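Work through the exercises below with the model open. Each solution goes step by step.

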Amino acid sequence: MWLLYAVGSAFFAGVTSILAKIGIQKTDSTVATALRTVVVLIFSWGIVFLTGSQTQITSLGGQTVLFLVLSGLATGASWLCYFRALQIGEINKVVPIDKSSTVLTILLAFLFLGESISFPKGVAVAAIAAGIFLMIERKGEPAAPEKRSKTGAGWILYGAGSAFFASLTAILGKIGITGVESNLGTAIRTSVVLVMAWMMVFVTGKTKEISGISRKELLFISLSGIATGASWLCYYRALQEGPASVVAPVDKLSVLVTVVFSYFVFGEKLGRKAAAGLVFLTAGTVAMAVL
């Protein structure tokens, strides 16, 4: 059953990227992150009260709360980096580099959770890494001068930051959900992300930009929040029942959903190398799930 939850997480995560990209065409990514977190918070706590999980709050141990908070902080940092990268970079390049967190998650799961890495799994990891490299490699034609000056390689740095903090989220989340219902753990993490995101908005002085957001972008930001909430609920349920070294790679199959939707919505096409990279990434991910 945990595998089905992991697949559901991948689907909703892929949809999230598309909806968010539409919602941050003109809206500042930090402001958008803060706004969409409100939606995710309402969604996640609604599920908690619907399932009656709130009764477990008083029984949470100090260590569990600590790791849930740390996981939330890592998630918040990952979100801020990811949506900034998504705003200034091509979605078909940003999403793969964000998915490189898979490799780091597997290594951290081996070091801190004692999850084994067999030779076949090692080959699968290598395939995932090769696929990511091919997908983020620039095409032969140079970017337009005006576009190059605005974006540069900044999206790569933000994408790398998103991947790093996402891997920490998986490990800390795995530790933190020991003895706590997954929906409650998701809601607590979301609360931490909300505080962190809005602090960033106030610190950077971007509160005035909220009133200037168009209804269309606000709608898509909200929809991306709902998709994220659904993805989280599936992901952390899968993480609670299954091994982190398998759940994380399956979740990264969201890149397939993103590639398909980005083609129809934004007209972004994959070159030969990127297409080959997608095959490697997918094959490695599937192999991780079945080995």
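**Exercise 1: the cavity**

Task: Find how many cavities of 30 Å³ or more the whole structure holds, and describe the largest.

Solution. Step 1: a search of the whole structure gives one cavity of 30 Å³ or more. A cavity is a set of points, on a 1 Å grid over the protein atoms alone, where a 1.4 Å probe fits but cannot get out. The model is predicted: local features need pLDDT of at least 70, side-chain atom pairs count only at pLDDT 80 or more, and totals for chains, interfaces and linings use all residues. Residues are numbered from 1 along each chain as its sequence is written, and side-chain values use heavy atoms, without hydrogens and water.

Step 2: the largest cavity encloses about 470 Å³, a volume being the space filled by probe spheres set on the points, which are joined across faces, edges and corners. Its lining has 27 residues, each with an atom within 4 Å of a point. Closest to the centre are Trp-79, Asp-98, Trp-232, Asp-251 and Lys-252.

Step 3: the lining splits into ten nonpolar, twelve polar and five charged residues. Asp, Glu, Lys and Arg count as charged; Ala, Val, Leu, Ile, Met, Phe, Trp, Tyr, Cys and Pro as nonpolar; the others, Gly among them, as polar.

**Exercise 2: helix α4**

Task: State how many residues of α4 (91–98) are buried.

Solution. Buried means under 20% relative accessible area (1.4 Å probe, protein chains only). Eight of the eight residues qualify. They include Lys-93 and Asp-98.

How values were computed. On a 1 Å grid over the protein atoms alone, a cavity is a set of points where a 1.4 Å probe fits but cannot get out, and a pocket is an open set with protein on both sides within 12 Å along at least five of seven lines; lining residues have an atom within 4 Å of a point. Buried means under 20% relative accessible area, exposed over 50%, partly exposed in between (1.4 Å probe, protein chains only). Helices (H or I, at least four residues) and strands (E, at least two) are DSSP runs, numbered from the N terminus.
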